[in-house]
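Let's take a walk through a protein and its ligand together. Keep the picture open while you read, and look up each spot as it comes along.

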Amino acid sequence: MASVTFRNVSKVYPGGVTAVSNFNLDIADKEFIVLVGPSGCGKTTTLRMVAGLEEITEGELYIGDRLVNDVAPKDRDIAMVFQNYALYPHMTVYDNMAFGLKLRKVPKAEIDRRVREAARMLDIEHLLNRKPKALSGGQRQRVAVGRAIVREPKVFLMDEPLSNLDAKLRVQMRTELTKLHQRLQTTFIYVTHDQTEAMTMGTRIVVMKDGFIQQVDTPQNLYDYPVNLFVAGFIGSPQMNFINVHLVKEGDDVYAVFEDNKIKVPAGKVRKFKDPSYIGKEVIMGIRPEDLHDEEIFLASAADSTVKAHVDVVELLGSETYLYLTVSGRNLVARVNPRSKARVGDTIKIAFDTNKLHFFDKDTEETIL
Ligand code: ATP
């Protein structure tokens with residue numbers, strides 16, 4: 001069993017910096033879990049505590065059923081892939097991959113079998129006699145992963161392993177690591193600050209900020225049901241649009257109002273407000289770029305949720321187009337069809353898909369719905 005369990009784990013560095021606070025998480029056997037968050041939020045510290053490279057200040061950490069707080073890194077049955085790969089420059093690829101096993105006195109024939117099998121899996125068999133300096137960045141990255149695979153660990157730890165690769169290779173390696181996880185059937189804990197990497201790779205994602213877990217969920221749930229403004233803004237690119245609005249009741253209906261714009265809030269959403277006293281107050285409304293539409297078909301059916309927008313910038317990406325808009329002094333981004341007729345300088349109509357509206361408390365920044 002290679003589950004990993006955190007019970008109220010905290011890390012305070014000497015000097016008093018609290019890097020991780022009261023971290024509780026159950027990582028299931030064979031799960032691919034991604035820790036994501038902005039720089040300094042405590043991701044690397046969390047991973048290093050699992051590796052045994054940082055002492056745990058408070059709480060308990062289990063790998064399987066075993067409490068590992070005081071277990072040395074080499075006895076934890078984990079393997080870590082670092083951002084800088086940490087390959088030995090004077091050794092061949094083969095020796096780099098074999099080194100850890102030699103130290104453990106694994107028989108030579110067994111080492112050879114494992115190195116060749118990992119090399120085959122990663123398509124680096126033809127590089128086994130080269131030294132790291134004769135490899136491309138992507139190849140070095142594979143060797144670093146290969147060195148972890150040969151250990152046959154219960155848990156793989158990866159700290160931003162793709163950040164030194166160019167954009168195209170990063171996308172390619174993303175898929176390869178996902179496939180590798182499927183093939184190895186082992187627990188992966190993966191750290192990144194890149195939300196796209198997190199969304200595409202993780203079976204579950206842990207969003208962190210300032211040492212605290214904000215939300216743990218599947219990629220789709222994080223996207224659709226963020227628990228607060230931070231998660232809503234962090235997950236998704238371009239990020240969710242936020243607008244301060246007043247919730248105003250008119251007859252049986254509730255509108256989100258800013259300047260002279262009015263967006264009708266669907267009755268189903270109003271009913272779900274945890275606290276009806278939000279009606280009449282100022283809240284933060286969120287809408288994702290793909291839920292703003294400029295097509296006639298939407299505009300026609302959404303007369304009570306349409307605003308006038310000035311087109312500042314049009315970004316054509318081939319498969320989609322981003323419109324950077326100003327609506328009553330607020331900047332919004334819409335992701336629209338590449339056939340959109342909107343041009344820079346135009347004033348156009350934009351319809352909100354009101355079923356996709358999010359609302360946040362202005363003070364606590366927590367989701368209201
Ligand atoms: P990044 O994405 O920049 O690597 P991170 O989310 O991995 O960031 P950590 O490296 O875990 O964050 O750092 C969390 C906090 O702990 C930061 O405030 C950092 O400055 C602090 N910190 C990290 N290592 C040490 C250390 N050895 N001594 C003191 N403070 C540290």
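## Starting at a helix

Right after helix α1 comes Gly 52, which has a positive phi, near 90°. Helix α1 itself covers residues 43-51, and it's a good place to begin, because the ligand story runs through it as well. Keep in mind that everything here comes from a predicted model.

Is α1 largely enclosed or not, and why? Seven of its nine residues are buried, so the rest of the structure largely encloses α1. If you want to find them, the buried ones are Lys 43, Thr 44, Thr 45, Thr 46, Leu 47, Met 49 and Val 50.

## Around the ligand

Now move over to the ligand, which has 13 residues around it. Those that come nearest are Tyr 13, Ala 19, Ser 39, Thr 44 and Thr 45. You've just met two names from that list: Thr 44 and Thr 45 are also among the buried residues of α1. Which element gives the largest share of the shell? That's helix α1, with three residues.

What kinds of residues make up this shell? Eight are polar, four are nonpolar and one is charged.

## Zooming out

Time for the whole chain. The protein chain has 369 residues, and 35% of them count as buried. Its secondary structure comes to ten helices and 20 strands. Along the principal axes, the C-alpha atoms fill a box of roughly 80 × 45 × 35 Å.

The chain is split into domain 1 (4-234) and domain 2 (241-291 + 305-360). Notice that domain 2 is written as two stretches of sequence. Taken over C-alpha atoms, the centres of the two domains are separated by 39 Å.

UniProt has an unreviewed entry here, and that entry lists "domain: ABC transporter" for residues 4-235. In the model, residues 4-235 are 37% helix and 25% strand, and the C-alpha atoms at the two ends of that stretch are 25 Å apart.

How does the chain fold back on itself? Take the contacts between residues at least 6 apart in sequence: 65% of these join residues at least 24 apart.

## How sure is the predictor?

The average pLDDT of the protein chain is 93, and 100% of the residues score at least 70. Which elements sit at the two ends of the scale? Strand β10 (residues 212-217) has the highest mean pLDDT, 98, while helix α10 (residues 296-301) has the lowest, 84. The model's overall scores are ipTM 0.96 and pTM 0.92.

## A few residues up close

Here are four residues from the strands, side by side.

| Residue | Strand | C-beta neighbours within 10 Å | Exposure |
|---|---|---|---|
| Asn 8 | β1 | 11 | exposed |
| Ser 21 | β2 | 17 | partly exposed |
| Asn 22 | β2 | 15 | partly exposed |
| Tyr 255 | β12 | 17 | partly exposed |

Why does Asn 8 count as exposed? It has 11 C-beta neighbours inside 10 Å, and a residue is exposed if that number is 12 or fewer. Asn 22 has 15 such neighbours, so it counts as partly exposed.

Backbone angles are worth a look too. Most residues other than glycine have a negative phi, and most peptide bonds are trans. Asn 8 isn't a glycine, yet its phi is positive, about 50°. Asn 22 isn't a glycine either, and its phi is also positive, about 45°. For the peptide bonds, check Ser 237 and Pro 238: a cis bond joins them, with omega about -10°. Pro 238 sits in the loop between α8 (229-234) and β11 (241-250).

Ser 21 shows how sequence and space can part ways. Ser 21 and Gly 211 are 190 residues apart along the chain, but 5.4 Å separates their C-alpha atoms. Leaving out residues up to four places away in sequence, Ser 21 touches Ser 10, Gly 211 and Phe 212.

Finally, find Tyr 255 in strand β12 (residues 253-258). Again leaving out residues up to four places away, it touches Val 248, Glu 250, Lys 262, Ile 263, Lys 264 and Val 265. Val 270 lies 15 residues from Tyr 255 along the chain, and their C-alpha atoms are 9.7 Å apart.

Key: Residues are numbered from 1 along each chain as its sequence is written. This is a predicted model: local features need pLDDT of at least 70, side-chain atom pairs count only at pLDDT 80 or more; totals for chains, interfaces and linings use all residues. A residue is near a molecule or strand if its C-beta atom, placed from the backbone, lies within 6 Å of it. Helices (H or I, at least four residues) and strands (E, at least two) are DSSP runs, numbered from the N terminus. Ala, Val, Leu, Ile, Met, Phe, Trp, Tyr, Cys and Pro count as nonpolar, Asp, Glu, Lys and Arg as charged, and the others, Gly among them, as polar. A residue is buried if 20 or more other C-beta atoms lie within 10 Å of its own, exposed if 12 or fewer, and partly exposed in between; C-beta atoms are placed from the backbone. UniProt positions are given in the numbering used here, feature names are shortened, and annotations may be inferred rather than shown by experiment. pLDDT is the predictor's confidence in each residue, from 0 to 100. Two residues are in contact if their C-beta atoms, placed from the backbone, lie within 7 Å. Domain bounds come from an automatic or database domain assignment.
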